Amino acid sequence: MLWSRCVVLLLCWGAGSGEQAGEQAGERDGASAELRTDSRRQRSPPPVEPLDFGFVPSAVYDTHAYYEPGPVGILFHMVHAFLYVVQPNTFPKDMIVKVIQQNMGGIKIQEWRKPDNVVLLLQWVYYEAGFLICSTIGILFVVLTPIIGMCFCVCRCCENCGGEMHQRQRKNTDCQRGFYTASLLASSIFIILGVLVAYAANHNVSMQIKSTRRLINTNMRDLKTFANNTPAQIDYLTAQYTTAKNKVLSDLDNIGPLLGGRIQSQLEKDVVPSLDSALRMAGAMRETKEALENISSSLEVLQEGTGKLQASLSGERASLSNTLSDPACTNGAVSHTCNTIRSTLTQLGVNANYIRLPDVNNALANVQTVLRADLSNIVQKGYSSFNDTPSLVKEQTKNIVAGVKGMLDKIGTEINNFAKMFPVEASLANFTTFLTESQKNIESFYPQIDQYDFYRWIGCVAALCLVVLILAFNILGLLCGTCGYDKQATPTTRGCLSNTGGNLLMAGVGFSFIFSWMLMGVVTTLFVVSGNVEKLICEPLANRQLFQIIDTPYLVHPAKKNFLPGMLFQNPNIDLTLGIMYRECYENNGLYQALQLETMFNINSFLNRTVYNKDLAKVFENVQVDLQDVALLEQAGRDNLMNFANSGIGQIDYETYLSELGKGVTLVDLLSFAADLEAQADQLPRGALENALRGHASSIRQIHRELVVPMEQAMSTLSQSIKLLQRTSNDLPVKVNNILSAIDAAEYLITHNASHVVKQEAKGYMQSLVGYFKQYTQWVKNSLTAEVAQCKPISNIVDSMEIVGCSFVVDSVNTFWFGLGAACIFIIPSIIFSIKLSKYYRRMDTEDVFEDMGNTGNHGGQECDILGNLSVVSISPYNDTLFPRASAPPSYPDW
């Protein structure tokens with residue numbers, strides 16, 4: 001009872017963190033359900049970072065409750081097989097339960113007359129039929145052996161039963177003697193084997209006493225380790241609250257980035273796109289200014305270049321016309337070429353007229369005025385104002401964070417106070433002292449155990465020596481008789497050695513009758529007791545069926561369902577059985593799990609009051625974050641956008657520009673014209689006209705290089721800028737209005753709907769904090785279940801008791817009676833064969849002699865008395881004897 005109370009007290013504190021798995025799962029599912037019901041945003045709670053609580057200091061137990069018998073195990077298995085043959089029935093669990101339940105008040109003789117008890121008695125007799133038969137045989141052996149021995153002795157005194165000192169000599173005498181010799185030798189060998197088996201079992205008990213001491217010492221040492229290590233494990237569980245607390249404190253210190261960041265990430269879905277569009281419009285303003293500047297500069301280049309190009313082409317056209325007026329062109333062979341060239345002179349002219357294109361100076365001036373207010377900087381201020389949400393949250397939740405930190409310190413204090421409410425260390429110290437004293441008391445019995453074991457060993461050896469004594473007579477008789485046997489000697493003239501062998505055999509018979517029944521009595525007693533112990537205790541203990549009997553509901557008391565929780569907790573209705581406890585301890589789980597201590601303590605109230613403090617959740621339910629000061633776009637930025645929309649870029653005549661830009665600079669490609677001119681010159685004969693035409697072609701190329709190419713580049717820049725402006729100005733007021741509307745909507749969301757987002761994210765933030773405590777409590781429960789106060793020493797005690805009681809003692813005792821019983825059984829044929837064989841070795845008083853009666857073939861006989869006087873006898877009926885007549889040995893003075 002002291003042990004049970006110490007065990008319960010041991011984990012009384014540890015139970016304070018173990019029954020919230022279902023409640024935690026319910027809270028987690030409820031939180032997820034609330035988040036899913038948010039129709040506006042489907043957002044999962046933030047992931048909880050896994051915490052590392054390290055490893056609970058583990059206890060290393062020394063006991064290895066396993067026994068390998070070695071070679072003697074073969075004998076154990078042989079005895080088990082014999083017992084299975086004797087008792088093949090299954091373990092009568094139901095019958096034993098009925099016997100116990102019907103006889104709880106004690107066994108009364110008159111109660112056995114009841115029909116139920118009679119049925120149980122018959123069932124028990126049926127179950128014990130094998131033992132009853134074998135024990136009956138043993139009892140008959142014990143009873144009949146001395147009676148038969150006494151009758152045999154008296155019978156031999158009357159010269160019967162082989163007591164007559166006369167041996168009939170037959171033709172198969174040698175064959176019979178050999179058969180009896182071999183049979184006696186075989187019986188003796190089996191007896192020797194039985195003696196060796198019994199001696200091995202007897203010696204095994206003494207050898208295993210040291211192992212018993214080792215098991216006791218290691219079990220005691222493991223129990224001390226269990227007691228000494230448990231407080232450190234509980235302290236470790238308590239100390240690891242700091243790990244969860246520090247993580248929560250870290251998250252509280254970073255409430256701005258964590259909670260504020262999540263609030264910001266929720267709002268940025270609407271805020272950031274509106275600011276991004278405003279920022280893109282600011283870039284469009286800069287691009288518009290650059291485009292207008294490019295248009296203005298390109299237009300100047302084109303207008304100036306158009307005048308120069310027109311003048312250059314006019315002069316070149318006039319000069320080429322004068323060259324074609326040369327008299328050489330009147331030559332019939334040349335005139336056709338000159339006329340062809342003269343017909344193309346009209347192509348040397350300007351195609352596009354850029355001088356009449358309107359300028360964009362007014363729009364440029366307006367855009368430059370708009371750009372004096374830096375819209376990008378204004379938008380960046382909006383970004384900064386929105387990005388300051390974490391700092392704003394941190395500042396506005398400063399008092400809440402301080403309150404939560406105070407709660408965490410209070411929780412830690414309550415956990416430590418709860419752990420100190422129970423004097424675990426003092427109780428375990430007392431338990432350790434109790435173990436030390438118990439071990440000393442047990443060790444004080446070791447000398448007595450050794451002494452009693454010595455007496456037992458002596459007694460068993462003495463019993464075996466009785467069998468060895470019989471064996472000694474048999475073997476010595478065989479040796480003397482065989483060595484002293486002389487075929488030529490007659491029964492009356494056998495030598496002293498042979499006669500001694502026969503006498504030794506008869507002495508062995510005498511001792512067999514004297515001692516065998518006593519040995520069989522010992523065998524029968526041990527067989528009934530230890531055999532039933534093996535079948536009713538050891539075997540069901542090995543396959544754990546014995547626990548099923550002990551754990552039968554209402555077995556111990558009709559009003560108490562389970563005796564183990566009734567004994568430990570005074571609550572027999574708890575579903576705790578010895579089998580469950582043994583299985584949990586065998587798997588080296590914690591005593592918290594093995595004893596189901598969660599049924600003894602109100603864990604929910606403790607967790608709700610400490611780790612799962614509802615006030616902690618209520619604090620975060622009242623979190624209020626004011627985002628009224630968040631301004632996304634100042635009024636200057638709004639005015640800037642409106643001024644840009646009214647800057648006049650939409651009134652530019654883009655079609656006129658694009659129409660003129662679609663025309664080429666000149667009417668004809670000057671390079672192609674110059675190439676054709678050179679080709680025409682190649683058709684003329686060499687001379688001044690040809691050289692002049694080639695000079696004009698070179699001049700035209702120079703005009704293209706110096707005037708046309710710069711104008712084409714200016715045209716390309718102008719075209720790109722016009723197209724850019726056209727895209728920008730397309731529905732520009734609508735775009736600006738959309739940007740302003742999006743910013744207004746985002747500001748409205750921040751101003752009016754932020755409280756919903758704050759509440760939602762505060763709840764998620766709280767769940768993440770609670771998640772750390774859930775990890776801690778779950779880790780505590782898992783540690784209590786599997787690592788704290790691992791109760792392997794308890795199952796080791798049961799296993800050690802099974803090893804000592806069954807493997808060391810019962811198996812050895814069973815093997816002892818098995819060997820001794822086999823020897824006793826084979827003593828019976830040994831007696832028979834010794835009696836038969838002794839006639840062939842002992843010196844007889846009379847013998848058969850042979851006398852020839854004539855030719856008739858009839859044999860007469862005469863008997864010679866001890867003094868040598870002859871008397872006529874009848875014809876011998878033994879036709880197969882070597883000596884049909886009996887005669888006495890000659891009389892000598894020295895006999």
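Q: What makes R262 and E761 a salt bridge in this predicted model?
A: The closest N and O atoms of R262 and E761 are 2.8 Å apart. The cut-off for a side-chain nitrogen of Lys or Arg and a carboxyl oxygen of Asp or Glu is 4 Å, and 2.8 Å is within 4 Å, so the pair counts as a salt bridge.

Q: Why can you say that R262 and E761 tie together separate parts of the chain?
A: Look at where they sit: R262 is in helix 9 (residues 255-324), while E761 belongs to helix 28, so the bridge ties together parts 499 residues apart in sequence. As for cover, R262 is buried, and E761 is too.

Q: What makes R544, D799 and E802 one network?
A: Shared partners do: the salt bridges among R544, D799 and E802 have partners in common, and that joins them into one network. Across the structure there are 14 salt bridges.

Q: How do you know that D409 and K245 form a salt bridge?
A: Their side chains meet at 2.5 Å, N to O, and the limit is 4 Å, so the pair passes. This one also links distant parts of the chain, with D409 in helix 14 (residues 398-420) and K245 in helix 8 (residues 241-253), 164 residues apart.

Q: Why is K245 called buried, and why is D409 called partly exposed?
A: Buried means under 20% relative accessible area. K245 has 18%, so K245 is buried. D409 has 39%, which falls between 20% and 50%, so D409 is partly exposed.

Q: What about R221 and D62: how do you know that they form a salt bridge?
A: The closest N and O atoms are 2.9 Å apart, which is within 4 Å, so R221 and D62 qualify. R221 lies in helix 7 and D62 in the loop between helix 2 (21-36) and helix 3 (72-86), so the bridge ties together parts 159 residues apart in sequence. R221, at 38% relative accessibility, is partly exposed, and D62, at 34%, is partly exposed too.

Q: Why is the pair C538 and C806 called a disulfide?
A: Their sulfur atoms are 2.1 Å apart; the limit is 2.5 Å, so C538 and C806 make the cut. The torsion about the S-S bond is about -90°, so this disulfide is left-handed. C538 in helix 17 (residues 496-542) and C806 in helix 29 (residues 792-838) are 268 residues apart, and both C538 and C806 are buried.

Q: How do you know that C585 and C791 form a disulfide?
A: Here the sulfur atoms are 2.2 Å apart, again within 2.5 Å, so the pair is a disulfide. With -105° about the S-S bond, this link is left-handed. C585 lies in helix 20 (residues 578-586) and C791 in the loop between helix 28 (732-786) and helix 29, so parts 206 residues apart in sequence are tied together. A search of the whole structure finds two disulfides.

Q: Why are C585 and C791 called buried?
A: C585 has a relative accessible area of 0% and C791 is at 0% as well. The cut-off is under 20%, so C585 and C791 are buried.

Q: Why is C465 called partly exposed?
A: C465 comes in at 42% relative accessibility, and 42% sits between 20% and 50%, so the label is partly exposed. C151 gets that label at 48%.

Q: What makes T337 buried?
A: T337, in helix 10 (residues 332-343), has a relative accessible area of 5%. That is under 20%, so T337 is buried. Not counting residues up to four places away in sequence, T337 touches Q680, Q683 and L684.

Q: Why does F190 count as partly exposed?
A: F190 has 42% relative accessible area, between 20% and 50%, so partly exposed is the right label. F190 is in helix 7 and belongs to a nonpolar surface patch of about 780 Å². Helix 7 gives the largest share of that patch, six residues.

Q: How much confidence does the predictor have in the protein chain?
A: The mean pLDDT is 78, and 82% of the residues reach 70 or more. Over residues 1-44, though, the pLDDT is below 50, and over residues 852-895 it is below 50 too.

Conventions
Residues are numbered from 1 along each chain as its sequence is written. This is a predicted model: local features need pLDDT of at least 70, side-chain atom pairs count only at pLDDT 80 or more; totals for chains, interfaces and linings use all residues. Side-chain values use heavy atoms; hydrogens and water are left out. Patches are made of residues with over 30% relative accessible area and no salt bridge: like charges are joined within 9 Å, nonpolar side chains (Val, Leu, Ile, Met, Phe, Trp, Tyr) within 5 Å. Accessible areas come from the Shrake-Rupley method with a 1.4 Å probe; for residues, only the protein chains shown count as cover. Helices (H or I, at least four residues) and strands (E, at least two) are DSSP runs, numbered from the N terminus. Buried means under 20% relative accessible area, exposed over 50%, partly exposed in between (1.4 Å probe, protein chains only). pLDDT is the predictor's confidence in each residue, from 0 to 100. Contact means heavy atoms within 4.5 Å.
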